[in-house]
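Visitor: Could you walk me through this one and tell me how you know what you claim?
Guide: Sure, have a look first.

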Amino acid sequence: MTPDETPPDAAPAAAPCPICGKPAAPAYTPFCSKRCADVDLQRWLSGRYAIPGRDEDALGQDDGSREE
Ligand SMILES: [Zn+2]
C-alpha cells in the first residue's frame, strides 16, 4: 500500500512518460512523443550493447546430438 498509488476510481489516464514525465500520448504509449520513445530505445540499445559478451556459444547450441 503506497501513498502515491493511483486510486482505482481515478480516470484511466495514461501513465506519465517515463522519460520526461509528461502525459503519454496514445500513439506513443507509454511515451509522450516519438522523441521520448527514441530516447528510450537508444537507452535500451546502448544498455544492450554495454552488456559484455556472454557465453552465447554455450547456449542454444544443441548440435542435434540428442537422438531418439
Ligand atoms: Zn516524454
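Guide: One definition to start: UniProt positions appear here in the numbering used here, with feature names shortened, and annotations may be inferred rather than shown by experiment. Residues are numbered from 1 along each chain as its sequence is written. This is a predicted model, where local features need pLDDT of at least 70, side-chain atom pairs count only at pLDDT 80 or more, and totals for chains, interfaces and linings use all residues.

Visitor: Which residues does the UniProt annotation "binding site" cover?
Guide: According to the unreviewed UniProt entry, Cys17, Cys20, Cys32 and Cys36. They're spread over 20 residues of sequence, yet they cluster in space, with 8.1 Å as the largest C-alpha distance.

Visitor: Why is Cys36 called buried?
Guide: We count other C-beta atoms, placed from the backbone, within 10 Å of a residue's own: 20 or more is buried, 12 or fewer is exposed, and in between is partly exposed. Cys36 has 20 such neighbours, so it counts as buried.

Visitor: And what makes Cys20 exposed?
Guide: Cys20 has 12 other C-beta atoms within 10 Å, so it's exposed.

Visitor: Which residues does Cys20 touch?
Guide: Leaving out residues up to four places away in sequence, Cys20 touches Cys32 and Cys36. Touching, or being in contact, is when two C-beta atoms, placed from the backbone, lie within 7 Å.

Visitor: Why does Phe31 count as buried?
Guide: Phe31 has 23 C-beta neighbours inside 10 Å, so buried it is. Beyond four places in sequence, its contacts include Cys17, Ile19 and Cys36.
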